[in-house]
Amino acid sequence: MDYSKLSALIVEDIEAGASTYTSMLEQIGFGDIQTASDGLKAIETLEAFKADLVLCDHTMPYLNGLELIAAIRTGLTAAPTDTPFILMTGHADNAKIRAAAWLSVQDFAMKPIAFDHLAAMIEHA
């Protein structure tokens with residue numbers, strides 16, 4: 001698939017992680033990639049940036065990944081309510097997984113994420 005005309009928003013509070021995921025999406029071929037360091041900044045970014053995919057950490061200050069996807073899915077952001085969303089976490093538990101499924105998250109990934117795994121999740125998103 002040609003991703004060169006697609007855009008992505010990476011929401012990650014750890015700068016090294018954001019840099020790593022940016023590099024991965026560049027290798028996959030995304031044409032426009034923005035980053036936000038927390039859920040509130042992601043909402044601000046989505047006011048002016050149409051993301052075709054959101055790749056988001058779960059645990060962040062101010063607004064976590066589940067709170068961000070809830071805001072998107074319920075129309076509280078400028079993003080379309082059906083924006084593909086991949087949630088990442090270093091600490092999965094059944095409650096997070098159930099909440100992510102209930103909010104129609106396209107995929108739920110444990111960190112660290114291998115390049116091939118991320119590419120496959122994006123292809124299915």
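This passage describes the fold, the nonpolar cores and the salt bridges of one predicted protein model.

Because the model is predicted, local features are reported at pLDDT of at least 70 and side-chain atom pairs at pLDDT 80 or more, whereas totals for chains, interfaces and linings use all residues. Numbering starts from 1 along each chain as its sequence is written, and side-chain values rest on heavy atoms, with hydrogens and water left out.

The overall layout is a good place to start. The protein contains five helices and five strands, taken as DSSP runs numbered from the N terminus (helices: H or I, at least four residues; strands: E, at least two). Read from the N terminus, the elements follow the order β-α-β-α-β-α-β-α-β-α. The radius of gyration, taken over C-alpha atoms, is 13 Å, which agrees with the value near 14 Å for a compact globule of 125 residues; the globule rule is 2.2 Å times the number of residues to the power 0.38. Along the principal axes, the C-alpha atoms fill a box of roughly 35 × 30 × 25 Å. Of the 125 residues, 47% are buried, where buried means under 20% relative accessible area, exposed means over 50%, and partly exposed lies in between (1.4 Å probe, protein chains only). The exposed area is about 6,400 Å², of which carbon and sulfur atoms supply 54%; areas come from the Shrake-Rupley method with a 1.4 Å probe, and for residues only the protein chains shown count as cover. Among contacts (heavy atoms within 4.5 Å) with a separation of 6 or more, 61% join residues 24 or more positions apart.

Attention now turns to the interior. A nonpolar core is here a set of buried Ala, Val, Leu, Ile, Met, Phe, Trp, Tyr and Cys residues joined through side-chain atoms within 4.5 Å. The largest such core has 24 residues, and Leu9, Val11, Leu68 and Phe85 touch the most other members. At least two residues of this core come from each of β1 (7-11), α2 (39-48), β3 (53-57), α3 (65-73) and β4 (85-89). Helix α3 gives the most, with five residues. A second, separate core holds 18 residues, including Met24, Phe30, Met88 and Met121.

Helix α3 deserves a closer look. Seven of its nine residues are buried, so α3 is largely enclosed by the rest of the structure. These are Gly65, Leu66, Leu68, Ile69, Ala71, Ile72 and Arg73, and they pack against β1, α2, β3, β4 and α4 (94-102). At the start of α3, a side-chain oxygen of Asn64 comes to within 2.9 Å of the backbone nitrogen of Leu66. Just after the helix, Gly75 adopts a positive phi of about 80 degrees.

Val11 and Asp38 give a residue-level view. With neighbours within four places in sequence set aside, Val11 contacts ten residues' worth of surroundings that include Ala36, Asp38, Val54, Cys56, Met60 and Leu68. On the same basis, Asp38 contacts Val11, Met60, Pro61 and Tyr62. Asp38 sits in the loop between β2 (32-36) and α2 and is buried, with a relative accessible area of 3%. A polar atom of the Asp38 side chain lies 2.8 Å from the backbone nitrogen of Lys41. Asp38 and Leu68, 30 residues apart in sequence, are separated by 9.1 Å in space, C-alpha to C-alpha. In helix α1 (residues 15-28), Thr22 is buried at a relative accessible area of 17%. Beyond its neighbours within four places in sequence, Thr22 contacts Ile10, Ile33 and Thr35.

Finally, charged side chains can be considered. Side chains of opposite charge can pair when their charged atoms come close. The structure holds four salt bridges, each a side-chain nitrogen of Lys or Arg within 4 Å of a carboxyl oxygen of Asp or Glu. One of them joins Lys111 and Glu12 (2.7 Å, N to O). This pair links distant parts of the chain, 99 residues apart: Lys111 is in the loop between β5 (107-110) and α5 (115-124), and Glu12 is in the loop between β1 and α1. Lys111 is partly exposed at 24% relative accessibility, whereas Glu12 is buried at 3%. Lys111 also meets Asp57 in a salt bridge (3.0 Å, N to O). Asp57 belongs to strand β3, so this pair ties together parts 54 residues apart in sequence. Asp57 is buried, with a relative accessible area of 5%. Glu12, Asp57 and Lys111 are thus linked in a network of salt bridges. Another salt bridge joins Lys50 and Asp52 (2.8 Å, N to O); Lys50 is exposed at 54% relative accessibility, and Asp52 is partly exposed at 25%.

Technical notes:
A polar contact is a pair of N or O atoms within 3.5 Å; within protein, one must be able to donate a hydrogen and the other to accept it, and residues adjacent in sequence count only if both atoms are side-chain atoms.
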